[in-house]
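Let's take a look at a protein together, starting with a few odd spots in its backbone. Have the chain in view as you read.

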Amino acid sequence: MQHTKMNPVSILIAEDEKDLLHSMSEYLELFFETVYRARDGIEAFRIYNDCHPDIIIADINMPRLDGLSMIEKIRRNDQETKIIITSAHSDKEKLMQAIELHLVKYLIKPVQSDTLKTLLFSLADGLRQQKNILDLKASFQWHKGKKRLYHKGEEVLLKPKEQKTLALLCTRPNQTVSAIDIYNHLYEDQPERDFSSHAITSLMKRLRQKLPQETIKTAYGVGYILQTN
């Protein structure tokens, strides 16, 4: 069965049980492009500082630095990262401490795969909206804030006019954008310039070569439609 990975959301798993860490990582790598692993709190905190994962799943009991202590260090300067804590026991005192650390969830082991998947997908959807990510076809994504095109986490390089055109189309996905509107957007600083349908046709041909098939559909005699589904 083929799964669609959710980029560019990244996850850090901090778990001292080797087999559990391996199985959780392999499972989540089916759905998420970037999954970091750590066997203890010190290593997890280092990865957090170096890589800034979007979501952290941390075991409450780990060697060298336990999960709650690690999260306390993170929360001194970061209230935004989504953190899930896991524990083999429901410890009331630690649960109260965890609540103060603004965690997403306190999960009791063994954690069911479907439960974890549903929770992570919900968090990922929210994060993607915050990051202004527009999902295109075949794991391509447009980052509205950065005005960059990505495929499976890797940037697809666009020339300036291609980038500017795709940015315009992404403001109106699944809607027709006229060729004249595209031309005027490209040459807004040259209003006296005469419209050229050939220039737009050539540009769209080059842009299509960098996108999945049928991402940009021609509305004959009118313009172009960016199809996201």
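Pro-110 sits in the loop between β5 (105-108) and α5 (113-130). Helices here are DSSP runs of H or I with at least four residues, strands are runs of E with at least two, and both are numbered from the N terminus. The peptide bond that leads from Lys-109 into Pro-110 is cis, with omega near -5°. Why bring that up? Most peptide bonds are trans, and most residues other than glycine have a negative phi.

By the way, this is a predicted model: local features need pLDDT of at least 70, side-chain atom pairs count only at pLDDT 80 or more, and totals for chains, interfaces and linings use all residues. Residues are numbered from 1 along each chain as its sequence is written, and side-chain values use heavy atoms, with hydrogens and water left out.

Two residues that aren't glycine have a positive phi, and here they are:

| Residue | Phi | Loop | Relative accessible area |
|---|---|---|---|
| Arg-64 | about 70° | between β3 (55-59) and α3 (67-75) | 65%, exposed |
| Asn-174 | about 60° | between α6 and β10 (176-178) | 36%, partly exposed |

For those labels, buried means under 20% relative accessible area, exposed means over 50%, and partly exposed is in between (1.4 Å probe, protein chains only).

Now for the sheet. Five strands make an open sheet in the order β2-β1-β3-β4-β5, with parallel pairing. Two strands pair if DSSP finds at least two bridges between them. β2 (34-38) and β5 are at the edges with a single partner strand each, so one side of each has no neighbour in the sheet. On average, neighbouring strands of this sheet are turned by 20° against each other, direction ignored.

How many bridges join β1 (residues 10-14) to β2? Five do, and these two strands run parallel. One bridge partner to look up is Thr-34 in β2, which goes with Ser-10.

Finally, try the helices. α6 (residues 160-170) packs against α7 (residues 179-186) at an angle of about 130°, with the axes 10 Å apart. Axes are lines fitted to C-alpha atoms, for helices over the stretch in contact (heavy atoms within 4.5 Å), and angles run from 0 to 180 degrees between N-to-C directions. α6 and α7 are therefore oblique to each other: under 35 degrees counts as roughly parallel, over 145 as roughly antiparallel, 65 to 115 as roughly perpendicular, and the rest as oblique. The α6 side of the contact includes Leu-168 and Leu-169, while the α7 side includes Ile-182 and Leu-186.
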